[in-house]
Amino acid sequence: MAELGRVAVRDPDSLLPGGFWAAVAVWVERPQVANKRLCGARLEARRSVSLPRAEHAGPRPSSGPEREEQASAECGPKEGPGHGQRFPEGGPGPRPSAGPEQGPQESQGRRQQGEDQREAAKAPLLSGAPGQPDKAGAGEGDFPASDLDSLWDDFSRSLASGNREMLAFFTRSWAESQLEAQHELDVILRTVIPKTNTHCPLSAPRREIVVQDVLNGTVIFLPLEEDNEGNLKVKTSNVYQIQLSHSEGEWFISVLIFCPERWHSDGIVYPKPTWLGEELLAKLARWCVGSRQSGFKSTLSLISIMKYSKAYQALKEKYKDMVKVWPEVTDPEKFVYEDVALAAYLLILWEEERAERGEPTRQSFVDLGCGNGLLVHILSSEGHPGRGIDVRRRKVWDMYGPETHLEESAITPNDKILFPDVDWLIGNHSDELTPWIPVIAARSSYNCRFFVVPCCFFDFIGKYQRRQSKKTQYRGYLDFITEVGSTCGFHVEEDCLRIPSTKRVCLIGKSRTYPPAGEDSVDERRTRYINSRPGGPVSPPGQVPAPPPPGAAAGGADGPEGRGALDAGAGHTPESSAEGLWLSGFHPREKVKRVRNCAALPRDFLDRVVLQVANLLLGGKQLNMRSSQSRSAKAWNRGGSLSLAEVAGELDRDTLRRLRRERGGLRTLLRNSSQVFHVLNGRVRLRDWREERPRKEKEPEVKRRLFSETFKTRICWFFTHHPDGCVLPSDRCPFAHGPGELRPATTRKKKQPL
């Protein structure tokens with residue numbers, strides 16, 4: 001036995017030992033977070049067992065119906081580890097058994113403390129096992145456990161019959177007399193799945209047993225191997241342990257290895273021992289005191305991780321050349337590989353759905369707001385009939401060929417925008433259409449499902465307004481879209497994708513909460529809900545909006561009281577009802593994308609605001625032209641510093657109204673004027689060019705060429721407007737001190753954004 005590493009953990013917020021078990025849960029459930037060569041892990045089974053006694057050679061007493069019943073009872077969802085939890089007697093380690101001087105109440109309290117710790121450690125691993133559909137919070141009896149039972153029986157008998165070295169590795173130098181008491185462990189059977197890679201020598205998943213000794217503060221990983229007859233057994237090599245200890249008021253985390261001379265590193269599932277003692281240990285120590293409940297599920301929790309890994313690698317290899325010929329101004333690697341990952345997820349999701357339903361026909365789809373259309377192209381090429389619709393055509397559409405069906409059209413939710421023959425509606429970053437997609441799917445047909453990846457925050461009309469400050473805006477918006485789907489009658493499931501995006505949570509509606517006969521009443525509920533959202537119909541003052549008449553929204557799209565009458569009686573024109581609009585006021589995105597970063601504002605307006613802000617920073621000095629007084633006669637006036645709120649308070653109402661129409665407003669305007677202002681942490685000041693970082697002698701060729709092309713191509717603002725002129729002499733200033741130094745700008749062709 002050897003210690004690979006040991007690190008002290010500062011715990012100012014009293015998160016240990018609960019934080020330790022939260023960190024262990026990450027390594028057990030999601031090992032790919034630390035080891036990038038892994039795709040993930042699948043939890044197969046979990047049991048509560050007893051540590052065997054040294055003199056006991058028969059079957060473990062915990063095996064049997066009673067133990068099975070107890071294990072099943074302990075598998076319900078538990079609350080996560082709380083703050084300020086402690087091991088009995090202040091920390092993990094040897095504890096004497098109840099002796100004569102300890103009363104029954106004290107002994108019972110000590111046992112209760114131990115049970116609390118076991119529940120705290122168990123909780124993270126019960127909150128959604130990766131790769132197991134619909135298992136979040138489910139009982140462990142849903143997992144096949146026969147392998148784990150037989151494996152642990154065999155292994156525990158070998159420990160009790162004479163494998164004292166391994167038993168000592170489990171017990172951390174407990175005295176033989178202290179092992180007489182019953183000591184419970186949590187054992188987990190998991191499958192570790194490596195990434196599928198052509199350059200990877202190992203492609204088969206590996207199974208192992210994870211043994212958690214909560215009272216002792218240890219986690220032991222036992223690799224499994226197959227013998228010549230195909231039976232699984234515990235490998236004595238590659239056994240390692242993570243332990244938490246408490247000594248002299250300080251917490252420590254250590255990584256130990258059972259038999260260093262027999263450790264075999266494959267570079268993937270089992271890295272080198274130095275990696276365990278350095279990289280993994282450092283991550284665990286950081287997670288212990290920094291981990292919080294994220295509020296999101298583990299990645300790929302609704303599909304098979306193993307199937308996804310293979311599908312993603314195959315699609316990536318097949319469509320990687322798109323990166324080389326990408327004609328758009330967007331980052332090709334991000335968008336190509338993101339759509340490849342989305343396609344892999346949907347292909348596996350749909351494959352498993354066909355297996356569940358017993359339907360061999362591949363699902364059809366429509367991608368609303370398809371953007372570059374690559375997702376449509378991949379899904380169509382893989383055999384799924386479908387099409388994409390977007391308000392703007394992209395250059396890359398011409399590269400896909402006629403078999404990829406893409407349409408340039410604006411989508412306004414109404415009775416005509418329905419897809420009764422389509423199985424799935426997709427909304428990948430579909431902006432203002434996102435909350436409407438569950439509604440369109442629900443009204444298209446009873447068998448239509450939806451898949452959305454919410455990104456920008458839109459309500460049915462206009463921007464989504466945050467309602468709960470305790471949640472992040474992103475979490476609140478996801479809950480809103482989930483609420484929309486549930487109101488529309490879907491069982492809404494949430495998953496986290498593996499895509500290069502900060503917004504990577506998807507919401508899926510695969511099944512309905514009501515039978516087909518209940519469509520009329522459910523659609524009436526949808527109508528009321530849509531009307532209740534901001535931007536819905538408003539009744540005259542002093543009147544309470546009357547509920548829609550029975551069947552008003554349930555008569556179908558073609559009936560006189562169909563969904564087109566959603567706004568009837570609310571002050572809307574008859575034309576709106578005649579067109580079948582579901583809610584007037586909805587506006588699809590513009591076909592030509594407007595630039596809203598202040599760059600399109602008139603030059604004279606921008607110059608006036610810059611002068612006004614600079615005047616405020618200099619204490620009210622008028623900056624119409626440079627003072628004739630020489631700069632060397634006195635110190636250069638660098639002015640003061642003001643918050644953006646203080647600056648906005650000095651601007652007139654018309655100016656602020658004009659700036660609010662632009663994305664970023666005043667902040668963006670000042671940052672765009674980087675020659676004049678320095679904006680940091682919400683405060684603005686004049687830029688002092690003496691403080692700018694000097695240019696390096698050895699710079700990349702691109703930077704040197706760019707600087708030479710722009711040198712002296714613009715007039716120096718400080719030379720023209722500042723009372724003391726420019727703070728730099730002419731030969732050091734990159735801007736022209738007067739028209740005589742001005743050089744013509746070099747024209748370079750730039751790709752214009754769509």
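**Exercise 1.** Find which residue stands opposite serine 641 in β18, then work out how the sheet around this pair is put together.

*Solution.* Start with the pair: serine 641 faces arginine 685 of β18. A quick note before going on: this is a predicted model, where local features need pLDDT of at least 70, side-chain atom pairs count only at pLDDT 80 or more, and totals for chains, interfaces and linings use all residues. Numbering starts from 1 along each chain as its sequence is written, and side-chain values use heavy atoms, with hydrogens and water left out.

Next, look at the strands (DSSP runs of E, at least two residues, numbered from the N terminus). β16 and β18 (residues 683-686) run antiparallel and are joined by 3 bridges; pairing takes at least two bridges found by DSSP.

Now zoom out. The open sheet has 3 strands in the order β16-β18-β17, with antiparallel pairing. β16 (641-643) and β17 (677-680) each have a single partner strand, so one side of each is left without a neighbour in the sheet.

**Exercise 2.** Is helix α1 largely enclosed by the rest of the structure, or left open?

*Solution.* First, get its extent: α1 covers residues 18-29, 12 residues in all, and spans 16 Å from first C-alpha to last, close to the 16 Å expected at 1.5 Å a residue. That expectation is 1.5 Å times one less than the number of residues.

Then check burial (under 20% relative accessible area, 1.4 Å probe, protein chains only). The buried residues include Trp21, Trp27 and Glu29. In fact 12 of the 12 residues are buried, so α1 is largely enclosed by the rest of the structure.

Key. Helix = DSSP H or I, 4+ residues; strand = E, 2+ residues; numbered from the N terminus. Buried < 20%, exposed > 50% of the residue type's maximum accessible area, 1.4 Å probe, protein only.
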